[in-house]
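Open the structure in your viewer and switch to a cartoon view. Keep the selection box at hand, and take the stops in order.

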Amino acid sequence: MSFLLPAGKARLQRVTEFYKFHTTVDVLRLDALHPVVSGNKWFKLQPYLQQAQQEGRDTLLSFGGAYSNHLLALAAAARLSGIKSIGLVRGERPAILSPTLEGALAEGMTLQFLTREQYRNKDGSALPPGLADHALVIPEGGYGPTGARGAAGILRQVEGQDYTHILAAVGTGTTMAGLVLAAGEAQVIGIPVLRNAGTIRQEINALLPAPLHERFRLFHDYHFGGYARLTPELTAFMNQWYEQTGIPSDFVYTGKAFYALNDLVARAVIGPGSRVLVIHTGGLQGNRSLPKGTLIFG
Ligand SMILES: *Cc1c(COP(=O)(O)O)cnc(C)c1O
């Protein structure tokens with residue numbers, strides 16, 4: 001098995017717009033590692049792939065919705081590693097597959113659609129017998145200590161740099177936990193993209209050793225109505241951010257994180273003199289589900 005991260009390092013892009021607040025902001029462009037695969041997902045999947053190799057598994061199996069960056073990344077990672085992948089998808093099979101699921105199929109993933117009930121129970125009994133006998137089952141979104149260990153590798157991309165703050169969007173919290181594991185003295189800031197993400201704090205802590213519990217801050221006011229919700233204000237911001245910086249963002253995760261960054265710096269919650277690293281976690285493929293012309297970038 002030869003699964004490797006794309007060669008080289010992700011680009012670090014300075015956003016000079018924040019100089020007027022006496023703040024330096026660098027964006028780690030994990031989105032630029034691969035055209036479809038979400039940046040942080042590569043890192044989260046690494047140790048799962050190593051585990052599959054060690055245990056002699058020939059298949060990766062995981063779960064997600066019709067627009068899941070995780071399933072698509074897993075499909076691509078499995079193909080590059082020369083092993084099979086199975087995606088258990090929430091909900092009935094639609095007449096027209098989402099671009100994400102089409103992409104996963106193109107990567108060779110076997111898709112099986114589960115009813116909401118089956119999905120809640122992570123019930124794969126509808127799978128053809130024998131198909132998943134030698135599969136490594138990866139939790140939804142790659143959540144777990146294994147995924148967090150992989151996500152910690154993100155900060156190896158910026159070794160030697162000295163940041164006061166590290167900011168990223170939060171879904172399952174696995175990436176956040178990985179950043180906390182590797183952040184040292186820098187303050188880690190998470191922007192949950194789910195509304196009422198009431199248990200996310202405990203879910204992140206559960207992936208951390210006790211001394212690192214609570215070594216992060218979450219700001220819950222930037223979900224724009226909830227998961228995958230898009231408002232005209234967010235669309236306008238994403239377009240304006242692209243015009244100013246040349247950085248494309250996705251409407252589920254990174255658009256909200258960049259919006260929060262702007263607001264937190266403008267309000268001096270992230271104060272003058274700060275040196276901020278923002279993780280561009282990728283996810284741009286998800287924008288393909290938007291009506292054409294919503295965003296000024298592709
Ligand atoms: C999955 C994803 C996240 C969230 O990562 P978690 O580890 O689940 O918190 C953030 N940004 C993008 C683009 C993603 O695809």
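This tour visits two sheets, a pair of helices, a pocket and a cavity. Keep in mind that the model is predicted.

**Stop 1: the sheet of six strands**

Start with the open sheet of 6 strands. Follow the strands across in the order 1-2-10-7-8-9. The pairing is mixed.

Now select residues 11-14, which form strand 1, and residues 216-218, which form strand 9. Why is one side of each left without a neighbour in the sheet? Strands 1 and 9 stand at the edges, and each has a single partner strand, so one side has no neighbour in the sheet. Look along the sheet next. From one strand to the next, the twist averages 25°.

Move inward to strand 7, residues 165-170. Add strand 8, residues 187-192. These two strands pair in the parallel sense, over 6 bridges. For one bridge, select Ala168 and show its partner in strand 8, Gly190.

Which helix packs on this sheet? Select residues 174-182 to show helix 6. Helix 6 packs here and touches strand 7, strand 8, strand 9 and strand 10 (275-280). The direction of helix 6 makes about 175° with that of strand 8.

**Stop 2: the sheet of four strands**

Go to the open sheet of 4 strands. The order here is 5-4-3-6, and the pairing is parallel. Colour strand 5 (110-114) and strand 6 (135-137). They are the edge strands, and each pairs on one side only. The twist of this sheet averages 25° from one strand to the next.

Select strand 3, residues 59-64, then strand 4, residues 84-90. Strands 3 and 4 pair in the parallel sense over 6 bridges. Click on Phe63: opposite stands Leu88 in strand 4. Then add helix 2, residues 69-81. Helix 2 packs on the sheet and touches strand 3 and strand 4. The direction of helix 2 makes about 170° with that of strand 3.

**Stop 3: two crossing helices**

Hide the sheets. Select helix 8 (residues 232-245) and helix 9 (residues 254-266). At what angle do their axes cross? They cross at roughly 80°, and the axes come within 10 Å. Angles of 65 to 115 degrees count as roughly perpendicular. Helix 8 and helix 9 are therefore roughly perpendicular to each other.

Show side chains at the contact. From helix 8, pick Glu233, Leu234, Phe237, Met238 and Trp241. They meet Gly255, Lys256, Phe258, Tyr259, Leu261 and Asn262 in helix 9. By class, this contact has 7 nonpolar, 2 polar and 2 charged residues.

**Stop 4: the largest pocket**

Turn on the surface. The largest pocket holds about 1,000 Å³ of space, and 45 residues line it. Which of them lie nearest its centre? Select Glu140, Thr172, Leu194, Tyr227 and Tyr253.

Some elements from earlier stops return here. Strand 3, helix 2, strand 7 and helix 6 are among those that each supply at least two residues of the lining. So are helix 1 (39-54) and helix 7 (200-205). Colour the lining by class to find 17 nonpolar, 21 polar and 7 charged residues.

**Stop 5: the cavity**

A search of the whole structure finds 1 cavity of 30 Å³ or more. About 40 Å³ of space lies in the largest cavity. Of its 10 lining residues, select the closest to the centre: Asp31, His34, Pro35, Gly283 and Leu284. The lining has 4 nonpolar, 5 polar and 1 charged residues.

Note on methods
Residues numbered from 1 in each chain as written. Predicted model: local features only at pLDDT ≥ 70, side-chain atom pairs only at ≥ 80, totals over all residues. Heavy atoms only, no water. 1 Å grid on protein atoms, 1.4 Å probe; cavity = no way out; pocket = protein on both sides within 12 Å on 5 of 7 lines; lining within 4 Å. Points joined across faces, edges and corners; volume = space filled by probe spheres on them. Nonpolar A, V, L, I, M, F, W, Y, C, P; charged D, E, K, R; others polar. Pairing = 2+ DSSP bridges. Axes fitted to C-alpha atoms, helices over the stretch in contact; angles between N-to-C directions. Contact = heavy atoms within 4.5 Å. Parallel < 35°, antiparallel > 145°, perpendicular 65-115°, else oblique.
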